[in-house]
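Okay, thanks everyone, let's get going. I'll put the sequence and the structure up, and then talk through what I pulled out of the coordinates.

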Amino acid sequence: MDALELLGELVEGHEVLRQQKMYDEGLRQFMLNMYNHTAAGLAVSGAVAWFVYASGMLAAMAGAIWLFAFAPLGMILVYSFAGQNWGYDTLRNFYYAFTAVMGVGLAPIFVMYTGASIAQVFFITAATFATASLWGYTTKRDLTGFGHFLFMGLIGIVIASIVNIFLASSAVQFTISILGVFIFTGLTAWDTQNAKNIFLTHGGDPRYGIQFAISLYLNFINLFQMLLHLLGNRE
């Protein structure tokens with residue numbers, strides 16, 4: 001190998017390393033943006049829930065609390081049909097409005113459970129969520145088929161939860177909560193891997209960061225509620 005060939009290979013190798021460094025930095029920023037929005041959404045919901053409870057608004061709006069409990073479902077349906085066409089600002093504004101409405105619906109947990117158990121379950125949820133997300137980010141296994149299976153399970157527990165509104169069965173709720181913990185933990189790993197793959201195939205469009213923040217936020221909130229049913233101490 002002559003000097004020119006060696007120099008060419010060195011230049012090519014340097015370019016590959018430069019591009020890999022740019023990719024790694026871009027991916028890091030993309031994932032960090034997604035996690036920051038997820039955390040900020042959780043903070044908004046927590047602050048709104050506490051304010052509604054502590055200010056006495058919860059008692060004043062007792063007759064309308066079911067409206068706020070089901071309003072997020074309507075918002076998600078709107079997002080599912082139209083959200084893919086929204087710009088970044090519209091997506092961001094929707095997300096934070098959604099998390100605020102979710103916060104109102106979550107306010108009753110401060111009446112139903114002790115503050116200590118809410119805090120304890122929150123930290124358990126955060127640890128479980130972080131572990132699942134880290135695994136989804138680092139695993140080499142393709143979770144696509146796993147995700148489809150989990151989505152079918154999600155539909156099943158949604159239907160079971162609606163039915164149990166009328167049955168009011170503690171045994172059914174216990175089963176739903178157990179299954180929900182596994183389903184939402186798995187979906188957290190799946191969504192994290194999907195976010196990483198989206199960056200690889202579509203680049204770092206900040207809209208994707210908001211879209212996946214919505215998914216991760218919902219996984220966290222649902223996981224928290226399932227664990228609260230199982231581990232929370234009632235007032």
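I'll go from the overall layout to the charged pairs, the surface, the rings and then two individual residues.

Before anything else: this is a predicted model, so everything I quote is computed from predicted coordinates.

Right, the overall layout. What does the secondary structure come to? Nine helices and zero strands. If you read the elements off from the N terminus, you just get α-α-α-α-α-α-α-α-α, which makes for an easy topology diagram. The protein chain has 235 residues, and 36% of them are buried. It exposes about 13,200 Å², with carbon and sulfur atoms supplying 70% of that. And for those of you who like contact order: take the contacts between residues at least 6 apart in sequence, and 86% of those join residues at least 24 apart.

Okay, charges. How many salt bridges does a search of the whole structure find? Two. One of them is Asp89 with Arg92, where the closest N and O atoms are 3.4 Å apart. Both residues are in helix H4, which covers 88-106, and they sit three residues apart, so about one turn of the helix. How covered are they? Asp89 has 45% relative accessibility, so we call Asp89 partly exposed. Arg92 comes in at 29%, so Arg92 is partly exposed too.

Then there's Asp205 with Arg207, a salt bridge at 3.1 Å, N to O. Asp205 is at 24% relative accessibility, which means partly exposed, and Arg207, with 27%, also counts as partly exposed.

While we're on charges, have a look at Lys196. Its charged end sits over the ring of Tyr137, 4.5 Å from the ring centre. So that's one to click on if you care about cation-over-ring geometry.

Next up, the surface. There's a nonpolar patch, and here's the full membership: Trp66, Phe70, Leu73, Leu77, Phe81, Val158, Ile162, Ile165 and Phe166. Together they have about 1,100 Å² of accessible area. Which helices does the patch come from? Helix H3, residues 65-82, and helix H7, residues 144-167, each supply at least two of the residues. The largest share is from H3, with five. If you want one residue to look at, take Leu73, which lies in helix H3. Its relative accessible area is 52%, so Leu73 counts as exposed.

On to the rings. A search of the whole structure finds 15 aromatic pairs. I picked Trp50 and Phe110, an edge-to-face pair at 5.3 Å centre to centre with 75° between the planes. Where do the two partners sit? Trp50 is in helix H1, residues 3-54, and Phe110 is in helix H5, residues 109-112, so the pair ties together parts that are 60 residues apart in sequence. The two rings aren't covered to the same degree. Trp50 has 47% relative accessible area, which makes it partly exposed, while Phe110 has 17% and is buried.

There's also an aromatic cluster, made up of Tyr79, Trp86, Phe94, Tyr95, Tyr96, Phe98 and Tyr217. Keep Tyr217 in mind for a second.

Last bit: two single residues. Thr99 is in helix H4. Buried or exposed? It's at 0% relative accessibility, so Thr99 is buried. And what does Thr99 touch, leaving aside neighbours within four places in sequence? Gly41, Val44, Ser45 and Tyr217. There's Tyr217 again, the one from the aromatic cluster.

The other one is Phe212, found in helix H9, residues 206-231. It has 12% relative accessibility, so Phe212 counts as buried. Skipping sequence neighbours within four places, Phe212 is in contact with Met34, Asp191, Asn194, Ala195 and Ile198. Phe212 and Thr38 are 174 residues apart in sequence, with 8.5 Å from C-alpha to C-alpha.

That's my list, so let's go back to the picture and take questions.

Technical notes: Residues are numbered from 1 along each chain as its sequence is written. This is a predicted model: local features need pLDDT of at least 70, side-chain atom pairs count only at pLDDT 80 or more; totals for chains, interfaces and linings use all residues. Side-chain values use heavy atoms; hydrogens and water are left out. Helices (H or I, at least four residues) and strands (E, at least two) are DSSP runs, numbered from the N terminus. Buried means under 20% relative accessible area, exposed over 50%, partly exposed in between (1.4 Å probe, protein chains only). Contact means heavy atoms within 4.5 Å. Accessible areas come from the Shrake-Rupley method with a 1.4 Å probe; for residues, only the protein chains shown count as cover. A salt bridge is a side-chain nitrogen of Lys or Arg within 4 Å of a carboxyl oxygen of Asp or Glu. Patches are made of residues with over 30% relative accessible area and no salt bridge: like charges are joined within 9 Å, nonpolar side chains (Val, Leu, Ile, Met, Phe, Trp, Tyr) within 5 Å. Rings of Phe, Tyr and Trp (its six-membered ring) pair if their centres lie within 6.5 Å; planes under 30 degrees apart count as stacked, over 60 as edge-to-face and the rest as tilted. A charge sits over a ring if NZ of Lys or CZ of Arg is within 6 Å of the ring centre and within 35 degrees of the ring normal.
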